[in-house]
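User: I am new to this structure and would like to understand how its descriptive terms are justified. Please take me through the reasoning step by step.

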Amino acid sequence: MPLGLRAAPPSAGLPKASSDSCSTGQRAGRAFPAARRPGEGLQPLAPPPSCSHLSRPLTLPHSPSPSRAARVPRGWSREGWAGGGAGGEQRPGTPSPDLLVARSFGDKDLILPNGGTPAGASSPASSSSLLNRLQLDDDIDGETRDLFVTVDDPKKHVCTMETYITYRITTKSTRAEFDLPEYSVRRRYQDFDWLRSKLEESQPTHLIPPLPEKFVVKGVVDRFSEEFVETRRKALDKFLKRITDHPVLSFNEHFNVFLTAKDLNAYRKQGMALLTRVGESVKHVTGGYKLRSRPLEFAAIGEYLDTFALKLGTIDRIAQRIIKEEIDYLVELREYGPVYSTWSALEGELAEPLEGVSACIGNCSAALEELTDDMTEDFLPVLREYILYSDSMKSVLKKRDQVQAEYEAKLEAVALRKEDRPKVPADVEKCQDRVECFNADLKADMERWQNNKRQDFRQLLMGLADKNIQYYEKCLMAWESIIPLLQEKQEGK
Amino acid sequence: MTENNFFLKKIEISVSEAEKRTGRNAVNMQETYTAYLVETRSAERADSQSVLTDSLWRRYSEFELLRNYLLVCYPHIVVPPLPEKRAEFVWHKLSADNMDPDFVERRRIGLENFLLRVASHPVLCRDKIFYLFLTQEGNWKETVNETGFQLKADSRLKALNATFRVKNPDKRFTELKHYSDELQSVISHLLRVRARVADRLYGVYKVHGNYGRVFSEWSAIEKEMGDGLQSAGHHMDVYASSIDDILEDEEHYADQLKEYLFYAEALRAVCRKHELMQYDLETAAQDLASKKQQCEELATGTVRTFSLKGMTTKLFGQEAPEQREARIKVLEEQIGEGEQQLKSKNLEGREFVKNAWADIERFKEQKNRDLKEALISYAVMQISMCRKGIQVWTNAKECFSKM
């Protein structure tokens, strides 16, 4: 995917406005990790509270936080808000945002691409251009990033028991949650898997980006082949970047640990003890329960996702078929070109023109090979990601239905006893909060996803067109270059 | 040069139409065939007469007869080939049916090309039978057969014999034969691969057509992206259907190559004829040599080689001197004849080589020119295909960018 092709919308009016109303719920949720953050990043935590602990986040008027976030100087908005906006609940010892800013500038500006510019003071232009180059994903709120995560340098490990690949994960951040400006850890696929299930567990109301498939579906693919590892690396990188960009998920405790812990296994083992407790809160009564009134918009989302996944599946198949046809075509072209060379060996005057045609076909084959490689490496994985994405989305939808079902069940139970107690009990109210909170989170995430999707597909399809245009341009150049060769000879006669 | 081309200048030739017909053949069986309308027009309007347009219908078999006649009567000439009788080296989407309109159309062009090539040939254009082919509808076949050209045709067995027994083949012709073989094999290989390339290219384009459908279906559920997807889908449809024209144009290039594939056979025919003449010459020379030896033996009375005559002489004693004299005389007469024959054959051979080589040189020039042109037009076709591709994808990109 070409970096920097798309200009970042610095004051992106469109996406920002649309996400405003729903972001309150998210922002409220986001405040927790920051507020409750224990100083020792590696220490296991109690499961992060879900939204439900808040009383009616939706009914809150515009909290001062978002508006403040908008005013926070570029480059520091999230952190400034997370650190300062959480109502002064800072852990003693955490430097105030201002202090942090100062410190960061002192020793980090060369390391941190986005922190290099003092908050909007000296050259916002250069910082934003820097940002453009780094920007891989969408920055929906128009906020400047303060967390950068990359996955690279896959390494193969051969043990007696198993062979596996680890990837290096480099994190650079100015967020207060990170003690160091930069971390570098190695993780393997199953660690990502662990992270994802933790995220699902701790943020059940949010849409968790998909991981690449564990095994490639068809046939026996060499899991250690360079192409496979590279494709997976890209997908894992995308996965982390999607989390990084998420206003709530990026503050998740487990994510932080995943990025920073030297020994993730130790943490995982400790986490196991807590699993039962966590599981409890996630489990819900379900099974065949029919919702009384599933909100129309969620029903529509469900329908949309079904069609969307279906269409993407078709596009995926078409793309694969095209690649196959192109590879077959390539095989024939590779035989076709040399025939002209063979012929040229028989001829005197015609030798040069024939050799020219042969070379030209050779150039076209090379261009075609590039095209199919690009399609395989760049086009297909994005389609796959979105197919998997729609699955993640469906599972969140299902969870939402469960929460609503639970609420409706409780409400019904109360209604039966209503005469006795006119007041709705607190736990039912809590339950209602949960539903509303869920709805808000989901809507916000859906909107975010829709925006991402639109951007991603625009880029993907434009990339597809570009790659094809480039292919034809290369062929065009090759053929145009031999015309003078043919004509000159003729005139020379 | 101007004199050589006089025929073509005076008359314009075209095969303007093809028509499917049904008739009865020699054994009174119903058959369907295609007839081609051959039109000739006098190009010189300065003539006192008004412009003369002649048109007549000919079948493919009549073209074949004409060519066979030319082949026999002008063995030293690389006679232009006819277009293929049955479609060969086609990619699978193209019909191989003889009655297929596309095939008939391409054959019509090929037949016209054949007539033009003959008409522009410095020697062939003056042929009377050719002239009659263009102008005399009825009885033309009979006229051709009356020339008795078939009697002059060499038997295949004799030709095969010649191939293996020639002792001193002309190096130039051997090389030319070798070249024709190679040319034939390389062009047929090229045509085969090209047909496969066309097949695959067709596949690549057509599969893109599926994008058209799925984009349009997908657009139905998208709000902001919908319009862009829908119109991009339309461009994908355009892309998929553009391949039909592209490959149809390419078929013309394939036909140009095919003509030279068949020319290779014509070249070989000249080589074969040369071999045959060389073989004749060699047998005549051998014959003469053996007669001379016999004569000498008789005259000197010594037998150098073991022969039946030697044996009889030894067994039954010497012949009478009168008898011997008579035989020597006969032999001497035969030797004289043989020498004369050999001389004329030598002369004929030299003449053939001279004429054939001149025509081969002419052919080579024509071939280089034609094939260069064919390659240029092929490159131009490829360029236009690339341009079309760029255009379609640019349009699609614009649609995508609006999403």
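Analyst: A crossing of two helices is called left-handed if the near helix is turned anticlockwise from the far one by less than a right angle, and right-handed if the turn is clockwise. Please keep in mind throughout that this is a predicted model.

User: What is the handedness of the crossing of α7(A) and α11(A), left-handed or right-handed?

Analyst: The crossing of α7(A) and α11(A) is right-handed, and under the convention just given that term belongs to a clockwise turn of the near helix from the far one. The helices concerned are α7, residues 226-244 of chain A, and α11, residues 351-416 of chain A, whose axes come within 11 Å and cross at roughly 50 degrees.

User: Why are α7(A) and α11(A) called oblique to each other?

Analyst: Angles under 35 degrees count as roughly parallel, over 145 as roughly antiparallel and 65 to 115 as roughly perpendicular, while the rest count as oblique. The axes of α7(A) and α11(A) cross at roughly 50 degrees, a value that falls in none of the three named ranges, and the two helices are therefore oblique to each other.

User: Which residues make the contact of α7(A) with α11(A), and how do they divide by class?

Analyst: From α7(A) come Thr231(A), Lys234(A), Ala235(A) and Lys238(A), and from α11(A) come Glu377(A), Pro381(A) and Glu385(A). By class, the contact of α7(A) with α11(A) consists of two nonpolar residues, one polar residue and four charged residues.

User: Why are α10(A) and α11(A) described as roughly antiparallel?

Analyst: The axes of α10(A) and α11(A) come within 8 Å and cross at roughly 165 degrees. Since angles over 145 degrees count as roughly antiparallel, α10(A) and α11(A) are therefore given that description. Their crossing is left-handed, and the residues of the contact of α10(A) with α11(A) comprise 32 nonpolar, 11 polar and eight charged.

User: Which elements of chain A give two or more residues to the side that touches chain B?

Analyst: They are α10 (296-346), α11 and α12 (426-492) of chain A. The contact between the chains takes 46 residues from chain A and 44 residues from chain B, and the side of chain A that touches chain B divides into 26 nonpolar, six polar and 14 charged residues.

User: What makes β1 and β3 of chain A edge strands?

Analyst: In chain A, three strands form an open sheet in the order β1-β2-β3, with antiparallel pairing. Its edge strands are β1 (147-158) and β3 (182-188) of chain A, and they have that name because each pairs on one side only. From one strand of this sheet to the next, the twist averages 20 degrees.

User: How do you know that β1(A) and β2(A) pair?

Analyst: Two strands pair if at least two bridges are found between them, and β1(A) and β2(A), the latter being residues 163-173 of chain A, pair in the antiparallel sense over 10 bridges, so the criterion is met. Within this pair, Val149(A) stands opposite Thr171(A), Val151(A) stands opposite Ile169(A), and Asp152(A) stands opposite Arg168(A). A hairpin of four residues joins β1(A) to β2(A). The pairing of β2(A) with β3(A) is likewise antiparallel and runs over seven bridges, with Arg187(A) in β3(A) as the bridge partner of Tyr167(A).

User: What is the arrangement of the sheet in chain B?

Analyst: Chain B has an open sheet of three strands in the order β1-β2-β3, with antiparallel pairing. Its edge strands are β1 (11-24) and β3 (53-59) of chain B, each pairing on one side only, and the twist averages 20 degrees from one strand to the next. Strand β2 (residues 30-42) of chain B pairs with β3(B) in the antiparallel sense over seven bridges, where Thr40(B) stands opposite Asp54(B). Helix α2 (residues 60-73) of chain B packs on this sheet, touching β2 and β3 of chain B, and its direction makes about 95 degrees with that of β3(B).

User: Which domains are assigned in chain B, and how many residues does each give to their contact?

Analyst: The domain assignment of chain B gives domain 1 (1-153) and domain 2 (154-301 + 321-403), and their C-alpha centres lie 20 Å apart. Their contact takes 16 residues from domain 1 of chain B and 26 residues from domain 2 of chain B.

Key
Residues are numbered from 1 along each chain as its sequence is written. Chains are lettered from A and ligands numbered from 1 in the order in which they are written. This is a predicted model: local features need pLDDT of at least 70, side-chain atom pairs count only at pLDDT 80 or more; totals for chains, interfaces and linings use all residues. Axes are lines fitted to C-alpha atoms, for helices over the stretch in contact, and angles run from 0 to 180 degrees between N-to-C directions. Two residues are in contact if their C-beta atoms, placed from the backbone, lie within 7 Å. Ala, Val, Leu, Ile, Met, Phe, Trp, Tyr, Cys and Pro count as nonpolar, Asp, Glu, Lys and Arg as charged, and the others, Gly among them, as polar. Domain bounds come from an automatic or database domain assignment.
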